[in-house]
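Visitor: I have a few questions about this one. Can we go through it piece by piece?

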There are 2 protein chains.
Amino acid sequence: MTAPPLANLINELTKLPGIGGKSASRLAYHILKRTSGEAEALASAILEVKLKIFRCPICNNMTDVDPCAICSDARRDASVICVVEEAYNIATIEQTRDFKGVFHVLLGALSPLRGVGPDDIDVVGLIKRVQGGDVREVIIATNPNVEGEATALYIAQQIRPFEVRTTRLAFGLPVGGDLEYADQVTMAKALEGRREI
Amino acid sequence: MTAPPLANLINELTKLPGIGGKSASRLAYHILKRTSGEAEALASAILEVKLKIFRCPICNNMTDVDPCAICSDARRDASVICVVEEAYNIATIEQTRDFKGVFHVLLGALSPLRGVGPDDIDVVGLIKRVQGGDVREVIIATNPNVEGEATALYIAQQIRPFEVRTTRLAFGLPVGGDLEYADQVTMAKALEGRREI
């Protein structure tokens, strides 16, 4: 009984990650209630992003300039490369304002179960950058899960011949958390990685 | 450091209800990863909905035909009107497949705190339909909260002169729930509304 254009919008919205039927419906009715100008702004933002955004040829970040704003920023230290799985992980690291190096986006993580092997992620691009000779350190910031760990070990192995410092993000208790809620593995990592104070 | 077209899309997405910064970012990167065709389908669905959908002149439902599919369905009983706050509430009631009557969308609920008074919701349209004379029952299906209750009482009062049966949805325990988790008010309503078995 839902009008077809409305049903179509709800259907398109459910294709987005984390948007189920009820959320899609709430979003669609919200769009209906807003002005045409606001709906057009959203629609054109969607189209524009597909037209103007491409992957940086150096680091695979999403960008509208070649090379991307990070790779072309002279104030950043190109000798420290932080390796992440996806372009959106860059924002999480940039938020800290503590990292002054550059990035390399792998475009995924090794996952034999999902059929993602070494040729499906961009390790070759990273190795070429390391081979260039100006790299001092590679910080591996893949996700703290099985796939991320496997990917980190694989990359470390591939980089070893070039004698570049290779590091992995620290594992431990999340700040603001409660000891009581820490799982066994995290707790073990926190003990293992304990530091003098 | 996020590319402007991407930052713009993320900003537009955060204007949607229930979409915070992180969700907007996840949605934007998802759209970037999909094909241009898929992005165009979403963008045109947004535009189309604004072009083709309007409010049914009888019941205020969102529709692309005049009158809406429910009001124009001869198999439905136009003598029973279910009153809801918003057009999206219709879907929730239709899902039960138990209701064969028609609807009336108020376009809101009375809320003195938010400055929504009797003139801001469509009670006049409902009264006109009741005055028409063919209505046997008005089922008030406003939300089970303070605003919804106030609105239900106001509508009941306004309809009284026309001597039409006026009912309110039942309050009680949600099915599938656990007695332990029922709040006091719901439990009191469940006791009060108890039925012979």
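What follows is a short chat about pockets, a helix, cysteines and two loop residues.

Visitor: What kind of model is this, and how is it numbered?
Guide: This is a predicted model, in which local features need pLDDT of at least 70 and side-chain atom pairs count only at pLDDT 80 or more, while totals for chains, interfaces and linings use all residues. Residues are numbered from 1 along each chain as its sequence is written, chains are lettered from A and ligands numbered from 1 in the order in which they are written, and side-chain values use heavy atoms, with hydrogens and water left out.

Visitor: OK, pockets. How much space lies in the largest pocket?
Guide: About 1400 Å³. A pocket here is an open set of points on a 1 Å grid over the protein atoms alone, where a 1.4 Å probe fits, with protein on both sides within 12 Å along at least five of seven lines; lining residues have an atom within 4 Å of a point. The volume is the space filled by probe spheres set on the points, which are joined across faces, edges and corners.

Visitor: Which residues lie nearest its centre?
Guide: Of the 46 lining residues, those are Tyr88(A), Asn89(A), Ala91(A), Thr92(A) and Ile93(A). Two or more lining residues each come from strand 3 (77-84), helix 4 (88-94) and helix 7 (184-192) of chain A, and from helix 1 (4-14) and helix 2 (21-33) of chain B. Helix 4 of chain A gives the largest share, 7 residues. Helices (H or I, at least four residues) and strands (E, at least two) are DSSP runs, numbered from the N terminus.

Visitor: And the second largest pocket, what volume?
Guide: About 550 Å³. It is lined by 17 residues, with Thr92(B), Ile93(B), Thr96(B), Ala141(B) and Leu169(B) closest to its centre. Helix 4 of chain B gives the most to that lining, 3 residues.

Visitor: Switching to helix 5 of chain B. Which of its residues are buried?
Guide: In helix 5 (residues 123-131), they are Val123(B), Gly125(B), Leu126(B), Ile127(B), Arg129(B) and Val130(B). Buried means under 20% relative accessible area, exposed over 50%, and partly exposed in between (1.4 Å probe, protein chains only).

Visitor: What covers them?
Guide: The cover includes strand 3 (77-84), strand 4 (101-105), strand 5 (137-140) and helix 6 (146-159) of chain B.

Visitor: What caps the N-terminal end?
Guide: Asp122(B) does, with a side-chain oxygen 2.9 Å from the backbone nitrogen of Gly125(B). Just after the helix, Gly133(B) takes a positive phi of about 100°.

Visitor: How many disulfides?
Guide: The count is 0 over all chains, a disulfide being a pair of cysteine sulfur atoms within 2.5 Å. For Cys56(A), the nearest cysteine sulfur is that of Cys59(A), 3.8 Å away. For Cys56(B), the nearest is that of Cys59(B), 3.8 Å away. Cys56(A) is buried at 1% relative accessibility, and Cys56(B) is buried at 1%.

Visitor: Where does Glu86(B) lie?
Guide: Glu86(B) is in the loop between strand 3 and helix 4 of chain B, and counts as buried at 12% relative accessibility. Its side chain makes a polar contact with the side chain of Lys33(A), at 3.0 Å.

Visitor: Last one. Is Pro112(B) buried or exposed?
Guide: Exposed, with a relative accessible area of 76%. Pro112(B) is found in the loop between strand 4 and helix 5 of chain B. Pro112(B) and Glu147(B) are 35 residues apart in sequence and 8.7 Å apart in space, C-alpha to C-alpha.

Key. Contact means heavy atoms within 4.5 Å. A polar contact is a pair of N or O atoms within 3.5 Å; within protein, one must be able to donate a hydrogen and the other to accept it, and residues adjacent in sequence count only if both atoms are side-chain atoms.
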